Amino acid sequence: MSKREEYEQKTEAIIQPIVDANGFELVDVEYVKEGGTWYLRAYIDKPGGITVDDCELVSRAANDILDEQDFVEDSYVFEVSSPGLGRPLKKDKDFVRSIGEEVEIRTFRAINRQKEFYGILKDFDKDSVTIEMENEEDMKFARADIALIRLAFDF
């Protein structure tokens with residue numbers, strides 16, 4: 001297990017009870033470096049959307065525990081936020097909730113000379129994702145080939 005994965009798992013274990021106690025959903029935890037600064041981010045959600053006050057509540061409760069346990073070796077910025085409109089589908093519960101919804105899939109390498117696909121999420125399992133594409137047959141993607149899958153949104 002990498003250091004990044006270890007930090008994410010330990011942080012998830014700390015945040016999950018706080019999120020559960022407040023009726024929120026823990027969508028994801030990530031430890032990433034951006035512009036020379038490390039960020040430890042937790043994404044939370046709830047029906048109707050998350051507010052700044054909700055993020056602050058979780059942040060304050062988790063921050064004290066993170067400071068006390070002090071398991072992250074590097075200096076970092078801790079953030080709690082909403083997953084936003086472009087919420088990626090990562091966990092099985094995300095896929096279950098999104099069956100029948102339009103999704104955007106980006107692949108690591110071109111398939112039939114394209115890397116972006118849009119369609120209705122029909123099915124998934126641990127190895128693959130199937131979408132129904134407009135005016136075409138269903139298309140099945142190996143999960144290992146998917147760089148990003150998220151709900152599609154129109155403006």
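Does D28 count as buried or exposed, and at what relative accessibility? In this predicted model, D28 has a relative accessibility of 13% and therefore counts as buried, since the cut-off for that label is under 20%. A good way to get to know the structure is to begin at this residue and work outwards. D28 sits in strand β1, which spans residues 25-34. Leaving aside residues up to four places away in sequence, D28 touches R41, A42, Y43 and K90. With K90 there is also a polar contact, in which the two side chains come to 2.6 Å.

The strand that holds D28 belongs to a sheet. Here β1, β2 and β3 line up in that order as an open sheet with mixed pairing. Its edge strands are β1 and β3 (76-81), each of them pairing on one side only. On average, neighbouring strands of this sheet are turned by 15° against each other, with direction ignored. As general background, strands of a sheet pair through backbone hydrogen bonds, and the pairing may be parallel or antiparallel. For β1 and strand β2 (residues 37-45), the sense is antiparallel, and nine bridges connect the two. One bridge to look for on the screen is that of Y31, whose partner in β2 is L40.

Two helices lie across strands of this sheet. Helix α1, made of residues 3-21, lies across β1, β2 and β3 and runs at about 145° to β1. Helix α2, made of residues 52-69, lies across β2 and β3, and its angle to β3 is about 145°.

Further along the chain comes another sheet. Five strands build this open sheet in the order β7-β6-β5-β4-β8, with antiparallel pairing. The edges are taken by β7 (138-142) and β8 (146-151); each has a single partner strand, so one side of each is left without a neighbour in the sheet. From one strand to the next, the twist averages 40°.

The pairings within the five-stranded sheet can be followed one by one. Strand β4 (residues 102-111) pairs with β5 in the antiparallel sense over six bridges. I111 stands opposite Q114 in β5. The hairpin of β4 and β5 has two residues between the strands, and N112 takes a positive phi near 50° there. Strand β5 (residues 114-124) also pairs with strand β6 (residues 128-132), again antiparallel, over four bridges. In that pairing, L121 has I131 in β6 as its bridge partner. Finally, β4 and β8 run antiparallel and are joined by five bridges, with V103 standing opposite L151 in β8.

It helps to step back and view the whole chain. The protein chain contains three helices and eight strands. Read from the N terminus, these elements follow the pattern α-β-β-α-β-α-β-β-β-β-β. The C-alpha atoms fill a box of roughly 55 × 35 × 30 Å along the principal axes. Of the 155 residues, 37% count as buried, and D28, the starting point of this tour, also counts as buried. Among contacts with a separation of 6 or more, 51% come from residues 24 or more positions apart. The chain exposes about 9500 Å², of which carbon and sulfur atoms supply 46%.

Key: Residues numbered from 1 in each chain as written. Predicted model: local features only at pLDDT ≥ 70, side-chain atom pairs only at ≥ 80, totals over all residues. Heavy atoms only, no water. Buried < 20%, exposed > 50% of the residue type's maximum accessible area, 1.4 Å probe, protein only. Polar contact = N/O pair within 3.5 Å; in protein donor to acceptor, adjacent residues only side chain to side chain. Contact = heavy atoms within 4.5 Å. Pairing = 2+ DSSP bridges. Axes fitted to C-alpha atoms, helices over the stretch in contact; angles between N-to-C directions. Areas by Shrake-Rupley, 256 points an atom, 1.4 Å probe, with all protein chains shown as cover.
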